[in-house]
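Reader: Hi, I'm new to reading structures and would like some help with one. Could we look at it together?
Author: Gladly, let me bring it up first.
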Amino acid sequence: MSRIACRSTTIVLDLSALRHNLQTIRARLPQGTGVIAVVKDNAYGHGAREIAEAALRAGAGALAVATVGEALELRAAGIGAPVLVFGPYAASCVADAQAQGLTLTVFDRHQVDLIRQGLSPLLPPLRVHLKVDTGMRRYGFRSPDEAADAVRALRSLGRVEVEGLYSHYAAADDLDGDSADGQFARFQAMAAALGEAGLLPPVLHFSNSAAALRYPERSLSAVRLGIALYGLSPAPGFLERLGIALRPVLTLRSSIAQVVEVPAGTAVSYGGTYVADRPRRLATVPVGYGDGYDRRFSNRGEVLVRGRRVPVVGRVTMDAIVVDVTDVPQAAPGEEVVVIGRQGSEAITAEALAEALGTIPYEVVTRLSRRIPRVVVEGEADGPAAGAVGA
Ligand SMILES: *Cc1c(COP(=O)(O)O)cnc(C)c1O
């Protein structure tokens, strides 16, 4: 695609890694457990269409996003699989959801009213999943009675199919905490109460990546996989402690656009916050905070050139960084630069960048801009990653 050829900065998506991750997780789950691939926020910055298509081909049965807009983008891309919308919506979007066969979440009485207002009698039935709050305190009915009232109200509207019941963990990634036990028990109690009233929807799901990996026996009808699908750890050390080897799907790479030799005393980039202490070889790389490369990597970040770590010098700008390649004399325009990913025996992981920034890998990848072209590759033959444990 010409768009890709025009700019060297590219996100490379390794679909064999995605398949490996999905297979590795599925192998731990009870037979028949469904997988909902969570592709909200442009598939955690990876590229929603590319990831959605690959996840479905690899065996995911459904997709999930946060907003109706995101779901409609998937439909516009020709993706016909079930799409669950986690977040809220306006009454004016309910008919769109019906027309496009989306699945909406109902987490409060207010949303029953929105559906009542927006539902079209001329369109196919709207599918909904009920969400209950078991401890996250964000979205969800708080008692079985509230949930039961909602099911009755939705059923009375006609043209609504209450298909699912779900909840969300607050701290399943904390291997030293046990709050997930209490949340699961509350969910079981709510499901039992709905069941006694004859109001239990057929599809039950609760687990995010961390819970699916940690409590495979509690997977219910399906698990909702986000971060692990992308080969990233839900929390520092989480995968290692469970002995699970996943492979990062994403590489952010670019190439050197210009190389200059500068004398001692040369100031670099906005504000001249870096001044060369001796003659140096500097390379400009066209990736900046506009692409999602955090500005706090000014004078702090590193990228890979010819398998070596080289430092970012001066401020990160919107569209470019300058790196010091004094120790890589072969570096010339066109030379590959890896910003996130592996090159030779070195790697810069999203987890390591997150740690340097005091954030989580979710945020590091989610911030990668849509202006970066996405390229899919099949990668190496499927198989366990180097150092894979079990699987
Ligand atoms: C984002 C999200 C997930 C996926 O979480 P991961 O930790 O990325 O697996 C699952 N369920 C809900 C409701 C979410 O918002």
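Reader: What classes of residues make up the shell around the ligand?
Author: In this predicted model, the shell around the ligand is made up of five nonpolar, four polar and four charged residues.

Reader: And which ones are the closest?
Author: Of the 13 residues that surround the ligand, the closest are K40, Y44, S209, I227 and Y362.

Reader: OK, so what does S209 do there, in terms of distance to an oxygen atom of the ligand?
Author: A polar side-chain atom of S209 lies 2.5 Å from an oxygen atom of the ligand, and Y362 also places a polar side-chain atom 2.6 Å from a ligand oxygen atom. With G226, by contrast, the atom concerned is a backbone N or O, and it lies 3.0 Å from an oxygen atom of the ligand.

Reader: How much of the ligand does the protein bury?
Author: The ligand exposes 390 Å² when it is taken alone, and the protein buries 94% of that area.

Reader: Which pocket is that space, by size?
Author: The space that the ligand takes up is the second largest pocket.

Reader: Switching topic: how many helices and strands does the chain have?
Author: The chain has 13 helices and 20 strands, and its C-alpha atoms fill a box of roughly 80 × 45 × 35 Å along the principal axes.

Reader: How does the radius of gyration fit with a compact globule?
Author: For 391 residues a compact globule would have a radius of gyration near 21 Å, and the chain has 24 Å, which agrees.

Notes: Residues are numbered from 1 along each chain as its sequence is written. This is a predicted model: local features need pLDDT of at least 70, side-chain atom pairs count only at pLDDT 80 or more; totals for chains, interfaces and linings use all residues. Side-chain values use heavy atoms; hydrogens and water are left out. A residue is near a molecule or strand if one of its heavy atoms lies within 4 Å of it. A polar contact is a pair of N or O atoms within 3.5 Å; within protein, one must be able to donate a hydrogen and the other to accept it, and residues adjacent in sequence count only if both atoms are side-chain atoms. Accessible areas come from the Shrake-Rupley method with a 1.4 Å probe; for residues, only the protein chains shown count as cover. On a 1 Å grid over the protein atoms alone, a cavity is a set of points where a 1.4 Å probe fits but cannot get out, and a pocket is an open set with protein on both sides within 12 Å along at least five of seven lines; lining residues have an atom within 4 Å of a point. A molecule sits in a cavity or pocket if more than half of its atoms lie within 2 Å of its grid points. Ala, Val, Leu, Ile, Met, Phe, Trp, Tyr, Cys and Pro count as nonpolar, Asp, Glu, Lys and Arg as charged, and the others, Gly among them, as polar. Helices (H or I, at least four residues) and strands (E, at least two) are DSSP runs, numbered from the N terminus. The radius of gyration is taken over C-alpha atoms; the globule rule is 2.2 Å times the number of residues to the power 0.38.
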